[in-house]
Amino acid sequence: MEISFYKYQGTGNDFVMIDDRKEIFDLTDLDLISKLCDRRFGVGADGLILIRNYANFDFEMIYFNADGSQSMCGNGARCAVAFSAFLGIVNQKTNFLAIDGPHEAVIEDGLVQLKMGDVETLEKKGQDLFVNTGSPHHIRFVEKVREYPVFEKGKEVRYDQEYAPAGTNVNFVEKIDNDELFVRTYERGVEDETLSCGTGVTAAAIAFSKDKPTGNVKINTRGGQLSVKFLSLPDGTFRDIWLIGPAKQVFKGQITV
């Protein structure tokens, strides 16, 4: 079988994108998903995204991690919006469906602004924090994050019994300025550090600015710059959360599987 695909990246977080509005792709074929994401024997990506039709929405994003597991992916969703605009499904604004529910997005000045789901709780985990932004994230503030052993320490937390059996993503965060962070992320499902993680930088921004009524945080990642805006309510919840950054097509092709 020959599969047509596009490759997209959002601050270095990269995805195999497939227009599956005819619903040809077998969602149960996790071996194929892993093969397509393999960087040596396939296309190579952190995840795979299918675009499908869904009643009352512009489209549905079906996202798989490189190992075939599923979760919400912020950078993937921004790339899905850009891809859907390329396909002519949407223009500047869209309402679409993801695994964690409905989302809004706006394309403006070359950036995709994605409205994330509300966050209900921010938990203390010893000296660290935990927040679910569509995917689970353990947040640890560190110094000299560029030299930090992200793979080793991230793997320890990801497989800690406290998070078993599903595990968690792990974010290591350094304060650069009063409204600026550097974030590195170990992602479950990829089982390695990725150059950027949209749900992760959102979680880091919330953890960093949790005591402010409004957050507007610039995020540096190894793959580029993102920004996160949100409202922090007196009851400890977070609303009107927006993840903002670039999403670019890299190439297109066909692969025989």
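# Close-up views of a predicted model

**View 1. Arg188, a buried charge without a partner.** In this predicted model, Arg188 is buried yet makes no salt bridge. Glu191 is the nearest side chain of opposite charge, and it sits 7.2 Å away. A salt bridge would need a side-chain nitrogen within 4 Å of a carboxyl oxygen, so Glu191 does not qualify. You'll find Arg188 in the loop between E12 and E13. Leaving out residues up to four places away in sequence, Arg188 touches Asn65, Ser71, Pro136, Arg158, Ala166, Gly167, Thr168 and Asn169.

**View 2. Glu191, in the loop between E12 and E13.** Here is the residue named in View 1 as the nearest opposite charge to Arg188. Its backbone is worth a look: Glu191 has a positive phi of about 60° although it is not a glycine. Most residues other than glycine have a negative phi. At 22% relative accessibility, Glu191 counts as partly exposed, whereas Arg188 is buried.

**View 3. The largest cavity, with Arg188 in its lining.** How many cavities of 30 Å³ or more are there? The count comes to two. The largest cavity has a volume of about 60 Å³. Its lining is made up of Tyr63, Asn65, Ser71, Met72, Cys73, Ser135, Asn169, Glu187, Arg188, Cys197 and Thr199. Some of these names should ring a bell: Asn65, Ser71 and Asn169 are among the residues that Arg188 touches.

**View 4. Helix H3 and what covers it.** H3 runs over residues 150-158, and its buried residues are Val150, Gly154, Val157 and Arg158. Looking down the axis of H3, these buried residues fall within an arc of 100°, so they line one face of the helix. What packs over them? The cover includes strand E10 (136-141), strand E11 (169-177), strand E12 (180-187) and strand E13 (192-194). Arg158, one of the buried residues of H3, is also touched by Arg188.

**View 5. A cis peptide bond at Pro165.** The bond to look for is the one from Ala164 to Pro165, which is cis, with omega near 0°. Most peptide bonds are trans. Pro165 lies in the loop between H3 and E11. A little further along, Ala166, Gly167 and Thr168 are among the contacts of Arg188.

**View 6. Thr11, with a positive phi.** Thr11 has a phi of about 50° although it is not a glycine. Where is Thr11? It lies in the loop between strand E1 (2-10) and strand E2 (13-19). Is Thr11 buried or exposed? At 3% relative accessibility, Thr11 counts as buried.

**View 7. The largest pocket, with E1 and E2 in its lining.** About 300 Å³ of space lies in this pocket. Of the 13 residues that line the largest pocket, Ser4, Ile18, Asp19, Asp20 and Ile24 are the closest to its centre. E1 and E2 are the elements that give two or more residues to the lining. E1 supplies the largest share, with four residues.

**View 8. Gly215 and Phe230, 15 residues apart along the chain.** Despite that spacing in sequence, their C-alpha atoms are separated by 5.1 Å. Gly215 belongs to strand E14 (residues 214-221). At 7% relative accessibility, Gly215 counts as buried. Setting aside neighbours within four places in sequence, Gly215 is in contact with Ser209, Val228, Lys229 and Phe230.

Definitions and conventions: Residues numbered from 1 in each chain as written. Predicted model: local features only at pLDDT ≥ 70, side-chain atom pairs only at ≥ 80, totals over all residues. Heavy atoms only, no water. Buried < 20%, exposed > 50% of the residue type's maximum accessible area, 1.4 Å probe, protein only. Arc of directions from axis to C-beta. Contact = heavy atoms within 4.5 Å. Lys, Arg positive; Asp, Glu negative; His and termini not counted. 1 Å grid on protein atoms, 1.4 Å probe; cavity = no way out; pocket = protein on both sides within 12 Å on 5 of 7 lines; lining within 4 Å. Points joined across faces, edges and corners; volume = space filled by probe spheres on them.
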